[in-house]
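Student: I would like a close look at a single part of this model, the aromatic pairs, and then at the charged side chains. Please take me through it with the criteria stated.

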Amino acid sequence: RILEGAPARPLTCVVAPAGFGKTTAVAQWAAVCDKAIAWCSLDEDDTDPLRFWAMAASALEEADSALDIPFSPQDVNWADAGEVHDALARLLKVLAADGADRALVLEDVHAVHDAPLISDGLAYLLRNLPPTFHVVMTSRVPVRLPLAKLRMAGGLGELSQDDLRLTPDEQRMLFARAGLALGDDDAARLDEATQGWAAGCRLVELCCADGSGAEVASALARAGDDVSAYLFEEVLGSLDAPLLDFMVKTSTVDSFSVDLAAAITGLEPFQVRERVEGLISQGLFVQRIAGTDDGDWYRYHKMLLDALRANLRRLPDADSRACALAARQWYLDRGFDDAAVGLSFWMRDWDALSDIIVSRWKALYMNDEQATVLRWALLLPRDYLRERPFL
């Protein structure tokens with residue numbers, strides 16, 4: 001509905017990480033829209049303002065051959081913001097003259113948001129749009145333009161990954177189109193694993209459709225390599241080494257606070273905050289979850305977490321174990337015993353797991369939490385238990 005209302009607003013922003021269906025959603029809207037729609041697909045090569053504005057002019061001209069562009073796309077050689085504003089003012093006058101409804105789609109605008117002449121020109125464009133011209137932007141990160149005034153005036157439509165997330169019913173429909181009927185258990189398992197991420201659902205569906213049945217649990221396992229490849233190609237491949245290293249090391253735990261991440265990575269808390277805010281600003285599947293006395297906590301999308309952990313397993317054993325040991329000590333120091341037990345089990349560190357049981361069992365017993373003691377003890381190998389009568 002937000003996209004359907006795009007012609008009534010100056011700007012609509014569709015912001016979500018890779019693979020959430022931004023382009024698909026806008027393309028479906030464009031296919032049924034009765035307006036002349038110019039479409040620019042952007043990438044890192046388009047940060048040259050001359051190239052960008054020439055592309056935009058060409059797209060407008062291609063969308064409506066009757067439009068008299070007041071400059072030739074081949075002659076765009078504006079060197080400063082003043083020249084850009086002058087040229088755009090002439091363009092806006094032409095766009096407003098005939099009263100025709102038009103729209104400009106800028107796909108992946110995050111690729112050019114660091115180019116000053118582009119950002120400044122877009123801001124000027126949005127401030128002066130005629131009522132018959134509309135802009136739709138897709139981006140992996142929040143659009144870096146002054147949008148507060150538009151938002152306050154009701155002139156900004158916004159779609160996020162929450163809007164694009166596939167519901168369980170939509171996931172069932174995706175599989176049904178491939179001739180695969182999901183049972184309740186499979187549907188719940190798929191939704192838990194993908195959290196509605198369209199690309200993840202599609203990769204799992206392809207695995208199911210590969211002549212091996214529709215059992216989602218095994219399909220999720222088979223899709224693991226494809227998901228990892230997609231994430232590293234589309235999302236992680238362009239990250240600098242320190243940021244990727246941070247993500248891999250913090251994947252040791254299911255969720256982390258700034259303090260816990262500092263313990264795992266050896267960074268200072270301010271460095272952790274910089275990296276986390278960088279991840280969030282880049283739309284890298286990082287979710288801020290409810291804060292506690294330790295501050296905000298963060299977690300990765302489950303499929304991203306799996307991909308990062310695959311990379312974690314490729315680290316030298318000493319490095320991955322150092323991350324786990326640091327996290328476990330942090331948990332123990334703060335009374336997160338269950339998490340410490342989980343890491344001990346992951347490391348197959350039976351002596352450490354045994355030490356936790358011996359030091360905590362009495363307090364748990366006195367609080368009627370005998371089931372917790374039993375659950376921890378049953379993680380130990382049977383032979384290990386037999387050799388320790390007290391346990």
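Buried or exposed: which word fits Phe-256, and which fits Tyr-300?

Tutor: Phe-256 is buried, and Tyr-300 is buried as well, where buried stands for under 20% relative accessible area, exposed for over 50% and partly exposed for the range in between, computed with a 1.4 Å probe on protein chains only. The model is a predicted one, in which local features need pLDDT of at least 70 and side-chain atom pairs count only at pLDDT 80 or more, while totals for chains, interfaces and linings use all residues. Residues are numbered from 1 along each chain as its sequence is written, and side-chain values use heavy atoms, with hydrogens and water left out.

The structure contains twelve aromatic pairs, a pair being two rings of Phe, Tyr or Trp (its six-membered ring) with centres within 6.5 Å, called stacked for planes under 30 degrees apart, edge-to-face over 60 and tilted for the rest. One of the twelve joins Phe-246 to Phe-256 edge-to-face, with 6.0 Å from centre to centre and 85° between the planes. Because Phe-246 belongs to helix H11 (residues 241-250) and Phe-256 to strand S6 (residues 256-257), this pair ties together parts that are ten residues apart in sequence; helices (H or I, at least four residues) and strands (E, at least two) are DSSP runs, numbered from the N terminus. Phe-246, like Phe-256, is buried.

Phe-256 also pairs with Tyr-300, and since their ring centres are 5.7 Å apart and their planes stand at 45°, that pair is tilted. Tyr-300 lies in strand S8 (residues 295-300) and Phe-256 in strand S6, so here the parts tied together are 44 residues apart in sequence. Ring pairs join Phe-246, Phe-256, Tyr-298 and Tyr-300 into a cluster.

Elsewhere, rings meet charged side chains: Arg-348 lies over the face of Phe-345, 4.5 Å from the ring centre, and Arg-388 lies over the face of Tyr-384, 3.5 Å from the ring centre. For this, NZ of Lys or CZ of Arg must be within 6 Å of the ring centre and within 35 degrees of the ring normal.

Arg-388 leads on to the salt bridges, of which the structure holds 20, each being a side-chain nitrogen of Lys or Arg within 4 Å of a carboxyl oxygen of Asp or Glu. The side chain of Arg-388 meets that of Glu-387 in such a bridge, at 3.3 Å from N to O; Arg-388 counts as partly exposed at 27% relative accessibility, whereas Glu-387 is exposed, with 59%.

Another salt bridge runs between Asp-101 and Lys-35, whose closest N and O atoms are 3.2 Å apart. It links distant parts of the chain, 66 residues apart: Asp-101 is in the loop between H3 and strand S3 (102-107), and Lys-35 in the loop between helix H1 (22-32) and strand S2 (36-41). Asp-101 is partly exposed, with a relative accessible area of 30%, and Lys-35 is partly exposed at 23%. With Asp-34, Lys-35 and Asp-101 form a network of salt bridges.

Within helix H8 (residues 184-194), Asp-186 and Arg-189 lie three residues apart, about one turn of the helix, and their side chains meet in a salt bridge of 2.9 Å, N to O. Asp-186 counts as buried at 14% relative accessibility, while Arg-189 is partly exposed at 32%.
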